[in-house]
Amino acid sequence: SNAQTRVLRGPLLSFINDPGEGDSPAEGSVLHLEDGALWLEDGRICAVGDYQELAPQLPAGIEVVDYSGKLILPGFIDSHVHYAQLDIMASYGRQLLDWLNDYTFPEECRFAERAHAEEVADAFLTEMLRAGTTSAQVFCTSHPNSVEAFFGASQKRGLRMLAGKVLMDRHAPEALTDTAEGGIADSERLIADWHGKGRLGYSLTPRFAPTSTPAQLDATGGILRNAPDLHLQTHLSENKGEIAWVAELFPECRDYLAVYERFGLVGPRSTFAHGIHLDQEMRNRLAAAGANIAFCPTSNLFLGSGLFDRQACRDAGLNTTLASDVGGGTDLSGLATLKAAYQVGQLLDQPMTAWQGFYRLTLGNARALHLDQHIGSLRPGAEADIVVLDPAATPLLARRTARTQSLAETLFALMILGDDRTVYATWAGGECLHRRDAIA
Ligand code: GUN
Ligand code: ZN
């Protein structure tokens, strides 16, 4: 056995299937071991089981990392986030379109400079790992350099990431706009250089309908038709003003979604961020295409965009993923996303269980993004991306979790009271990349 062979020992939780919306998880949907063991080799999980049962098979002298009293889970996945907006989080007093013009576009202009993009990419990945997030689908900016910087930083850490260059050929500052042909040529070059390289994948990234000409959207659909293993990420029906603008710009389309449909952008690897203001017929069309909506609760609240109806999506058979949408979002932490999702659910009489929440953050997001053969669960063959939570991370959490009566109650306390302090360690590709108590 080589140096990368290790065992992580401790309480362990992973999903096998959607646990459903009930207070108890659906039969067979959860793997929970009180004293579990994860055997890691060459960046993958090679065995999972009860520690006592696995112990006799372990090579003599193998390193055992003791996480007793903690909780070992698959690394969290963020289905929609903008790395270049890290430094404009918490910008006051605007809703979407003014927020873009007043804060976002000026900030994104700074990414023309490669050194700046590299510095932010590095800080962003450090923050993600501190929050227990090991994979994400990421908007860069319209500058190809911003994508090079992000993929380079991800590759250096061995992270599984999806990302893409923003396509935007109108209605933005000149320093940020590409052209229909230039944006496509840049995307094709980035795809050739990065897609499928190690753990990296490319996501075509038209920002949203108002900032692309029909020619650019049409060319994007053309790439996707010829390369169906690419992902696509954009925004849909987030804000009332945005929706009215799309109706003006595309009068021939019957609704916002029809714009994306017309250009062939709605498929099984398409993620539409927000999707707040949809009717059931639009949800049905998205579901039929196998697309997913990224529910971004902290962003939807922060930008005053609206309350996302998770139950209506479930009724339509439409996959919902969970996302931070930083910098519209207020927190990179998956736990913070769960807390806000729960609060939105309460306002709509559809409170989200902890089972459902932790499923969505892990296997649910992995499945919806077609990454579940690699990540999202703790099973033999999966990549060793792992988060270790500390149920006693703070004095308050310690008090609260000392009196929980079940795993469901503990998970719920973690999602309501937890934050980055709750993340005791984060592993990716079989390596420990964040340790909360590391000595600087
Ligand atoms: N719609 C178009 N661009 C953006 C963005 O950067 N953030 C959010 N939240 N919505 C968008
Ligand atoms: Zn977004």
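This is a walk through a predicted model of a protein chain with a bound ligand, going from the domains to the cores, the strands and the ligand shell.

**Two domains**

The chain splits into domain 1 (6–75 + 376–435) and domain 2 (76–368). Taken over C-alpha atoms, their centres sit 28 Å apart. The contact between them involves 31 residues of domain 1 and 32 residues of domain 2. On the domain 1 side, β5 (71–74), α15 (407–417), β16 (423–428) and β17 (431–435) each bring at least two residues to the contact. The largest share there, 6 residues, belongs to α15. Sorted by class, that side of domain 1 has 15 nonpolar, 8 polar and 8 charged residues.

**Nonpolar cores**

The largest nonpolar core holds 123 residues, and the members touching the most others are L38, I72, Y83, A121, V138, C140 and F150. Helix α13 (residues 354–368) is the top contributor, with 8 residues. Both domains take part: this core draws at least three residues from each of domain 1 and domain 2.

Zoom in on F150 and you find it touching Y83, A121, V138, C140 and A163, leaving aside residues up to four places away in sequence. There is also a second, separate core of 6 residues, including L96, W99, L100 and F302.

**Strands and their pairings**

Strand β1 (residues 6–15) is largely enclosed by the rest of the structure, because 10 of its 10 residues are buried. It has β2 and β4 as partners, in the antiparallel and parallel sense respectively. Elsewhere in the chain, β13 pairs with β14 in the parallel sense. Here are the three pairings side by side:

| Strand pair | Sense | Bridges | One bridge |
|---|---|---|---|
| β1 (residues 6–15) and β2 (residues 30–41) | antiparallel | 9 bridges | G10 with G36 |
| β1 (residues 6–15) and β4 (residues 63–66) | parallel | 4 bridges | V7 with V64 |
| β13 (residues 292–295) and β14 (residues 319–322) | parallel | 4 bridges | F295 with L322 |

Strand β14 is covered on both faces: N319 and T321 are buried on one side, and T320 and L322 are buried on the other. L322 is also the bridge partner of F295.

**A glycine in β8**

G164 lies in strand β8 (residues 160–164). Is this glycine buried or exposed? G164 counts as buried, because it has 27 C-beta neighbours inside 10 Å, and the cut-off for buried is 20 or more. Not counting residues up to four places away in sequence, G164 touches C140, V147, Y202, S203, L204, T205 and Q233. One of these, C140, is also among the residues with the most contacts in the largest core, and F150 touches it too. As for L190, 26 residues away along the chain, its C-alpha atom is 8.2 Å from that of G164.

**Around ligand 1**

Which residues surround ligand 1? The shell is made up of H82, L96, L100, T104, R207, F208, H235, E238, S299, D325 and G328. By class, that gives 3 nonpolar, 5 polar and 3 charged residues. The largest share, 3 residues, comes from helix α2 (residues 96–109).

If you're going to look at the pocket residues, keep L96 and L100 in view: they belong to the ligand shell, and they also belong to the second nonpolar core, alongside W99 and F302.

How values were computed: Residues are numbered from 1 along each chain as its sequence is written. Chains are lettered from A and ligands numbered from 1 in the order in which they are written. This is a predicted model: local features need pLDDT of at least 70, side-chain atom pairs count only at pLDDT 80 or more; totals for chains, interfaces and linings use all residues. A residue is near a molecule or strand if its C-beta atom, placed from the backbone, lies within 6 Å of it. Ala, Val, Leu, Ile, Met, Phe, Trp, Tyr, Cys and Pro count as nonpolar, Asp, Glu, Lys and Arg as charged, and the others, Gly among them, as polar. A nonpolar core is a set of buried Ala, Val, Leu, Ile, Met, Phe, Trp, Tyr and Cys residues joined through C-beta atoms within 7 Å. A residue is buried if 20 or more other C-beta atoms lie within 10 Å of its own, exposed if 12 or fewer, and partly exposed in between; C-beta atoms are placed from the backbone. Domain bounds come from an automatic or database domain assignment. Two residues are in contact if their C-beta atoms, placed from the backbone, lie within 7 Å. Two strands pair if DSSP finds at least two bridges between them.
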